[in-house]
Amino acid sequence: MTILVTGATGNIGRMVVDQLIARGASDIRALTVNPAKAALPAGVQVARGYLGRPAGLAAAFEGVERMYLAPSPDTVTEVLELARAAGVRHIVDLSGEPESWWGSVCNAVEDSGSDWTHLWPADFMENTLTWSRQIRETGAVREPHPGTASAPIAMNDIAAVAATALLEEGHVGRAHALAGPEVLTRTDLVAHLADALDRDIAFLTSTREETITALQPTMGDNTAWYVDNVLLDYAPPPESLPVTSVEDITGHPATTFNQWAHANAARFLAD
């Protein structure tokens, strides 16, 4: 059973490859733009290609039965046409609820005719890396709503769920809402980072404009969208967050933010 992992050198895709190997998968094909620089594990087939250019992907789908689909809203319909023509039976996609900014992906997957499993994650723990520059330079984090609570999830836990859904039965036709194991406010997150970095970090409540200015050096052109759609508009009821989802699906406890912060402390301190 050949499993295709798209975006295989991206943040989550690369972890999906490792999680599949850890679960005993041996017939893995990894789609990447530059195979020469992919540095994928021995035994993984490497296919050249990019979801943003579907015209060159037909060969990558040959013989594939299951695939992990990285988000590709602009070209997802064309990608799925190639997958279906090649006989791909089961697609595990990283997307979001139909009304979300990733909703076009899950809708297209359902319309493709293949079996599907959706992964709908909460905010990523890795998103806090957007604070790294201001933490290094000012010792503070600037955001508008210190009390907003969420249950951020580690990307590696998303990858573990993806690998489980690709290899085990019982996931077809299911949309897995995913979250980390605990509900934390923005100030809670800063406190955990302060502990991991062994330094004081202040949380400074800021206006929309001040927040954009603080995040612009690390987020670039995406900053205003992120502030408006995530920091100012994302406030899920804490009781609605699926904090047991990762363990329920994989059988292993999810990563806590404190664990993740300690493991990634060096990333906040490096230029």
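# Exercises on packed helices and a parallel sheet

In this predicted model, helices H3 and H4 are roughly parallel to each other. The exercises below begin with that pair and then move on to the sheet, to two single residues and to a second pair of helices.

**Exercise 1. Find the angle at which H3 and helix H4 pack, and explain why the two are called roughly parallel.**

Step 1. Two packed helices are described by the angle between their axes and by the distance between those axes. For H3 and H4, which covers residues 103–111, the angle is about 30° and the axes lie 10 Å apart.

Step 2. Angles under 35 degrees count as roughly parallel, and H3 and H4 are therefore placed in that class.

Step 3. The handedness completes the description, since H3 passes H4 in a right-handed crossing.

Step 4. On the side of H3 the contact is made by Val76, Thr77 and Leu80, while H4 contributes Ser104, Val105, Ala108 and Val109. Sorted by class, the contact of H3 with H4 has five nonpolar and two polar residues, and no charged ones.

**Exercise 2. Work out the order of the strands in the open sheet, and state which strands are at its edges.**

Step 1. Strands of a sheet pair through backbone hydrogen bonds, either parallel or antiparallel. Here seven strands form an open sheet in the order S3-S2-S1-S4-S5-S6-S9, and the pairing is parallel.

Step 2. An edge strand pairs on one side only, and this is the case for strand S3 (45–48) and strand S9 (174–178). From one strand to the next, the twist averages 20°.

Step 3. Now follow the pairing from strand to strand. Strand S1 (residues 2–5) and strand S2 (residues 28–32) run parallel and are joined by three bridges, with Val5 standing opposite Ala30 in S2.

Step 4. Helices can then be placed against the sheet. Helix H1 (residues 11–22) packs on it and touches S1, S2, S4 and S5, and the direction of H1 makes about 155° with that of S1. Helix H3 (residues 76–86) also packs on the sheet, touching S4 and S5, and the direction of H3 makes about 160° with that of S4.

Step 5. S1 also pairs with S4 in the parallel sense, over four bridges, and the bridge partner of Val5 in S4 is Tyr68. Strand S4 (residues 64–69) in turn pairs with S5 in the parallel sense over four bridges; within this pairing, Met67 stands opposite Ile91 in S5 and Arg66 stands opposite His90 in S5.

**Exercise 3. Decide whether strands S4 and S5 are covered or not, and say which way the residues of S5 point.**

Step 1. Count the buried residues of S4: five of the six are buried, so S4 is largely enclosed by the rest of the structure.

Step 2. Do the same for strand S5 (residues 90–94), where five of its five residues are buried and the strand is mostly covered.

Step 3. Follow the side chains of S5. His90, Val92 and Leu94 point one way, Ile91 and Asp93 point the other way, and all are buried.

**Exercise 4. Place Gln19 and Thr32 in their elements, and decide whether each is buried or exposed.**

Step 1. Gln19 belongs to helix H1, and Thr32 to strand S2.

Step 2. Under 20% relative accessible area, a residue counts as buried. Gln19 has 13% and is therefore buried, and Thr32, with 3%, is buried as well.

Step 3. Leave out residues up to four places away in sequence and look at the contacts. Gln19 then touches Asn156, Ala159, Ala160 and Ala163, whereas Thr32 is in contact with Thr9, Ala38, Val46, Ala47, Arg48 and Gly49.

**Exercise 5. Describe how helix H8 packs with helix H9, and find which residues make the contact.**

Step 1. H8 (residues 208–219) and H9 (residues 223–231) pack at an angle of about 125°, with their axes 8 Å apart. That angle makes H8 oblique to H9, and the crossing of the two is right-handed.

Step 2. H8 brings Arg208, Thr211, Ile212, Leu215, Gln216 and Met219 to the contact, and H9 brings Thr223, Ala224, Tyr226, Val227, Asp228 and Leu231. By class, the residues of the contact of H8 with H9 divide into seven nonpolar, three polar and two charged.

How values were computed: Residues numbered from 1 in each chain as written. Predicted model: local features only at pLDDT ≥ 70, side-chain atom pairs only at ≥ 80, totals over all residues. Heavy atoms only, no water. Axes fitted to C-alpha atoms, helices over the stretch in contact; angles between N-to-C directions. Parallel < 35°, antiparallel > 145°, perpendicular 65-115°, else oblique. Left-handed = near helix turned anticlockwise from the far one by under 90°. Contact = heavy atoms within 4.5 Å. Nonpolar A, V, L, I, M, F, W, Y, C, P; charged D, E, K, R; others polar. Buried < 20%, exposed > 50% of the residue type's maximum accessible area, 1.4 Å probe, protein only. Pairing = 2+ DSSP bridges.
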